[in-house]
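Student: Please take me on a close look at the largest pocket, starting with what lines it. After that, show me what the largest nonpolar core is built from.

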Amino acid sequence: MRIALIAHDRMKDDLVNFVDRHKHIFAGHRLIATGTTGTRIMERTGLKVHRLMSGPLGGDQQMGSLVAKKRLDLVIFLRDPLTPQPHEPDINALLRICDVHNVPAATNLATAAIFLEHLRTIKAASVEGE
């Protein structure tokens, strides 16, 4: 699967820790992230991450374009719900395009964990079927 990883500044540590804790699952997928988030994930986990622009500089729109082109299968976007974001229209557009194209989007760690459990289950089932 092609998985997008995005996090607002106050949520970056949470996402990096989450990916690190579950890197055995993420390792089997193609990871795409916005600027700094991608760099931090690579540095911490050693996983290969394709990096786009920073979210406020166009990265959120790049992710939306990938969703519209059917080049993303899952979006994990840890948003900071307590801090106003100057690029809020881009964030809303990304989540809207996920809805339009029926791409699952996790906006908090609880939902991301559920999606990851599903990926783990799929992988386990495919290994058993071999």
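Tutor: By class, the largest pocket is lined by 10 polar, five charged and four nonpolar residues (Asp, Glu, Lys and Arg count as charged; Ala, Val, Leu, Ile, Met, Phe, Trp, Tyr, Cys and Pro as nonpolar; the others, Gly among them, as polar). Keep in mind that this is a predicted model, where local features need pLDDT of at least 70 and side-chain atom pairs 80 or more, while totals for linings use all residues. Residues are numbered from 1 along each chain, and side-chain values use heavy atoms, without hydrogens or water.

The pocket (an open set of 1 Å grid points where a 1.4 Å probe fits, with protein on both sides within 12 Å along at least five of seven lines; lining residues have an atom within 4 Å of a point) has a volume of about 230 Å³, the space filled by probe spheres set on the points. Of its 19 lining residues, A7, H8, D9, K12 and P56 sit closest to the centre. Strand β1 and helix α3 (35-45) each give the lining at least two residues, and α3 has the largest share, with three.

β1 (2-7) also supplies at least two residues of the largest nonpolar core, as do α1 (12-21), α2 (23-26), β2 (30-33), β4 (74-78) and α6 (109-129). (Helices are DSSP H or I runs of at least four residues, strands E runs of at least two.) Here α1 has the largest share, four residues. Such a core joins buried nonpolar residues through side-chain atoms within 4.5 Å, buried being under 20% relative accessible area with a 1.4 Å probe. Of its 22 residues, I3, L5, L15, F26 and I76 touch the most other members.

Terms used: Buried < 20%, exposed > 50% of the residue type's maximum accessible area, 1.4 Å probe, protein only.
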